[in-house]
Amino acid sequence: LQFLRGMPKIELHAHLNGSLNIGSIRELAAKVYGVQTKEFSALCERFIKFEKGAKLDECFEKFGLMHELTATKEGLESATELVIRDFAKDNVIYVELRTTPKSNENMSRRSYLDTVLGVIRKTSDLYNIKVKLLPSINRAEPVDVAEETVALAVELSAIEPDIIVGIDFSGNPNQGKFKDFMPVLNKARNHGLKLAMHCAEVDNPLEIREMLRFGMSRCGHGTYLSASGFEYMKEENIPIECCLTSNVKSGTVANIGVHHLKQLMEADAPKVLCTDDSGVFDTTLTDEFFLATESFGLTRSQCIALTMEAVEHAFATREEKLMLKMQIYSYTRRQN
Ligand code: 5GP
């Protein structure tokens, strides 16, 4: 565990609001509401319920709780900084954060993204971590919202090409039709944005076929891919972003022993280990590696190889990848 904790790690699948852990939520709530207020006490009460239970519906309710706390510019700023800080604390040296721009009475989608970008610019050096941003399309929302998100991503990526590097396609997989989002996703791709898509998270063969035909740079979860789907991913060098704890806790994988990471490793297919929602699922990237070593017998060198593989699949520049690899390499040398 010590080795894994100290290992420089690469996080490629992390939803901003889902990555707020319990401690940080308390810190944030104290800032947003003040410690002495009724609102703070009420929030703590609701949170205690979550801390004890681990039922799926309750886990997903947590997103709503986090969205309440990040509904103002100040809340969103603090949350973004806390999430970056927490990844850095876990020795994550590179993180791609995804988040759905939201509009409400306090913020437009543009100011939501501007706020997150501002914090990334300010804190990357402070915490010694490289941070990229993938604006998310929530498939449960109308297509015109996705169009606004992509238009903003395209515009802002021209100003911040080092930070905004792609689009995430996520949200409840049982809602919205992938087909309806194809034109807007195509637009993003034609503008040079990479696509990280939640795909085969639920058993929907028709949609899985549509997605594979459409193509993507990385595949989120890939739980219900068939054998030929896995083969296709290998041929096309599309990595599956494996989120062990998330998949087990949300029940898309029956238990850790049958997680498809094992199959991917045996087939030498591209894969990366990620947290998904480290706050909601109460995990860290170190925990995910530990779980993989305990469940599938990964050796230290396999953990390093997985991390190097993540560097390869990161939406980073060649120079950035070289720097990351050097940091990982120098850690392994110090350990030997
Ligand atoms: P946010 O975009 O608000 O920063 O992060 C939370 C959102 O990410 C959720 O409301 C949901 O739309 C999306 N999300 C988080 N985890 C998952 C997941 O495991 N699967 C899918 N499909 N979407 C997710």
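**Helix pairs, core and ligand shell**

Trainee: Which residues in helix 7 meet which ones in helix 8?

Mentor: From helix 7 you've got Val 143, Ala 146, Glu 147, Val 150, Ala 153 and Val 154. Across from them in helix 8 sit Asp 180, Phe 181, Val 184, Lys 187 and Ala 188. Keep in mind that this is a predicted model.

Trainee: Noted. What's that contact made of, by class?

Mentor: Eight nonpolar residues, three charged and no polar ones where helix 7 touches helix 8.

Trainee: And at what angle do helix 7 and helix 8 pack?

Mentor: About 5°, with the axes 10 Å apart. Helix 7 covers residues 143-159 and helix 8 covers 178-190. That angle is why the two count as roughly parallel.

Trainee: Ser 157 is in helix 7 too. Is Ser 157 buried or exposed?

Mentor: Buried: there are 21 other C-beta atoms within 10 Å, and 20 is enough to call a residue buried.

Trainee: What does Ser 157 touch, leaving out residues up to four places away?

Mentor: Ile 164 and Leu 193. Ser 157 and Leu 193 are 36 residues apart along the chain, with their C-alpha atoms separated by 8.4 Å.

Trainee: Switching to the core. How many residues has the largest nonpolar one?

Mentor: It has 83, and Tyr 94 and Ile 167 have the most contacts inside it. The largest share comes from helix 5, residues 73-89, which puts in six residues.

Trainee: What is Ile 167 in contact with, beyond its sequence neighbours?

Mentor: Leaving aside anything within four places, the list is Leu 134, Pro 135, Ile 137, Val 150, Ala 153, Leu 185, Ala 188, Leu 193 and Leu 195. You'll recognise Val 150 and Ala 153 from the helix 7 side of our first contact, and Ala 188 from the helix 8 side.

Trainee: OK, what about helix 14 and helix 15, how are they oriented to each other?

Mentor: They are roughly antiparallel. Helix 14 (300-313) and helix 15 (318-335) pack at about 170°, with axes 10 Å apart.

Trainee: Which residues meet there?

Mentor: Ile 304, Thr 307, Met 308 and Val 311 from helix 14 meet Lys 321, Leu 324, Lys 325, Ile 328 and Thr 332 from helix 15. By class, that contact has five nonpolar, two polar and two charged residues.

Trainee: Now the ligand. How many residues surround it?

Mentor: There are 17, and the closest are His 15, Leu 16, Asn 17, Thr 99 and Thr 100. The shell has 11 polar, three nonpolar and three charged residues.

Trainee: Last topic, backbone oddities. Which sign of phi does Ala 200 have?

Mentor: Positive, about 60°, although Ala 200 is not a glycine. Most residues other than glycine have a negative phi.

Trainee: Where is Ala 200, anyway?

Mentor: In the loop between strand 5 (194-199) and helix 9 (205-214). Ala 200 is buried, with 27 other C-beta atoms within 10 Å.

Trainee: What about Asp 282, what's its phi?

Mentor: Also positive, about 50°, and Asp 282 isn't a glycine. Look for Asp 282 in the loop between strand 8 (271-273) and helix 13 (285-296). Asp 282 is partly exposed, with 17 other C-beta atoms within 10 Å.

Terms used
Residues numbered from 1 in each chain as written. Predicted model: local features only at pLDDT ≥ 70, side-chain atom pairs only at ≥ 80, totals over all residues. Core = buried A, V, L, I, M, F, W, Y, C linked by C-beta atoms within 7 Å. Buried ≥ 20, exposed ≤ 12 C-beta atoms within 10 Å, placed from the backbone. Helix = DSSP H or I, 4+ residues; strand = E, 2+ residues; numbered from the N terminus. Contact = placed C-beta atoms within 7 Å. Axes fitted to C-alpha atoms, helices over the stretch in contact; angles between N-to-C directions. Parallel < 35°, antiparallel > 145°, perpendicular 65-115°, else oblique. Nonpolar A, V, L, I, M, F, W, Y, C, P; charged D, E, K, R; others polar. Near = placed C-beta within 6 Å.
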